[in-house]
Amino acid sequence: MKKNVMFISSTGGHLNEMMQLKKLFDKYDYHIVTEKTKSNLNLKDKYNNRVSFLVFGTKDHMLTYPFKLIYNCFKSLFIYLKVHPDYIITTGAHTAGPMCCIGKIFGSRIIYIESFANVTTKTVTGKLLYPIADKFIVQWESMKKLYPDATFWGWIF
């Protein structure tokens, strides 16, 4: 029986990094979660019922962001209970945080891949998930100074 794996990330660069892992999809019973934007609606066409969308929102819009974050927390719980993954693999940002916390509570293993874009500084999501991740992966050797228990695997590109 294949392991049930959820791949989750925000849209944009984080999603681009996560999709570099698509070679793994055939090895698992997988599900993709990202934010719903015009640029990634085609994921539904390509991956059918293996894709779920959260509401797009950034911290740049502080008036609406808290409401979208709360909504996404509840929607993440709903998606999690539907998929109930053995593993959650994420390249981050804010949409992944609540899902990983939910997954940790319900017993999923968390694999976090720190952003390729960060060579010398921690991401906010990395800071939050480092203590709870079962495997924390960095793409730059220099990041091991910031995350001493992380595993350096090199670039996923």
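## Helix α4 and what covers it

Let's start with α4 in this predicted model. A good part of the helix is tucked away: A96, G97, P98, M99, C100, I102 and G103 are buried. An α-helix has 3.6 residues a turn, so residues three or four places apart point the same way. The cover over the buried part of α4 includes β1, α3, β4 and β5, along with α5, which spans 124-129.

Just after the helix comes G107, and its phi is positive, near 95°.

## The nonpolar cores

M99, one of the buried residues of α4, also turns up in the largest nonpolar core, which has 21 residues. M99 is among those with the most contacts inside this core, together with M6, I8, I79, I88 and F136. Several elements chip in with at least two residues each: β1 (4-9), α3 (65-83), α4 (96-106), β5 (109-113) and β6 (135-138). Of these, α4 gives the most, with four residues.

M6 is a handy residue to click on if you want to look around in there. Leaving aside residues up to four places away in sequence, M6 touches H31, V33, I79, Y80, V83, P85, Y87, I88, I89 and M99. Apart from this core lies another, made of 18 residues, and F25, Y30, I32 and I89 are among them.

## N4 and its neighbour H84

Now for strand β1, where N4 sits. Is N4 buried or exposed? With a relative accessible area of 15%, it falls under the 20% cut-off, so N4 counts as buried. A polar atom of the N4 side chain lies 3.2 Å from the backbone oxygen of H84. Not counting residues up to four places away in sequence, N4 touches D29, V83, H84, P85, D86 and Y87.

H84 has a story of its own. You'll find H84 in the loop between α3 and β4, and its phi is near 40°, a positive value in a residue other than glycine. H84 is partly exposed, at 44% relative accessibility.

## Another positive phi: N48

N48 is also a non-glycine residue with a positive phi, in this case near 50°. Where does N48 sit? Look in the loop between α2 (42-47) and β3 (51-54). N48 has a relative accessible area of 49% and counts as partly exposed.

## The cavity

Rolling a probe the size of a water molecule over the atoms shows where empty space is left. In this structure there is one cavity of 30 Å³ or more. The largest cavity holds about 40 Å³ of space.

Which residues line the largest cavity? They are G57, Y65, K68, L69, N72, H94, T95 and P98. P98 is one we've already met among the buried residues of α4. The largest share of the lining comes from α3, with four residues. By class, the lining splits into three nonpolar, four polar and one charged.

## The second largest pocket

Open pockets are worth a look too. The second largest has a volume of about 240 Å³. Its lining is made up of 14 residues, and L24, I89, I111, I137 and W153 lie nearest the centre. I89 is a familiar name, being part of the core of 18 residues and one of the residues that M6 touches.

Strands β4 (87-92), β5 and β6 each supply at least two residues of this pocket's lining. What kinds of residues make up that lining? There are twelve nonpolar, one polar and one charged.

Note on methods: Residues are numbered from 1 along each chain as its sequence is written. This is a predicted model: local features need pLDDT of at least 70, side-chain atom pairs count only at pLDDT 80 or more; totals for chains, interfaces and linings use all residues. Side-chain values use heavy atoms; hydrogens and water are left out. A nonpolar core is a set of buried Ala, Val, Leu, Ile, Met, Phe, Trp, Tyr and Cys residues joined through side-chain atoms within 4.5 Å. Buried means under 20% relative accessible area, exposed over 50%, partly exposed in between (1.4 Å probe, protein chains only). Contact means heavy atoms within 4.5 Å. On a 1 Å grid over the protein atoms alone, a cavity is a set of points where a 1.4 Å probe fits but cannot get out, and a pocket is an open set with protein on both sides within 12 Å along at least five of seven lines; lining residues have an atom within 4 Å of a point. Grid points are joined across faces, edges and corners, and a volume is the space filled by probe spheres set on the points. Ala, Val, Leu, Ile, Met, Phe, Trp, Tyr, Cys and Pro count as nonpolar, Asp, Glu, Lys and Arg as charged, and the others, Gly among them, as polar. A polar contact is a pair of N or O atoms within 3.5 Å; within protein, one must be able to donate a hydrogen and the other to accept it, and residues adjacent in sequence count only if both atoms are side-chain atoms.
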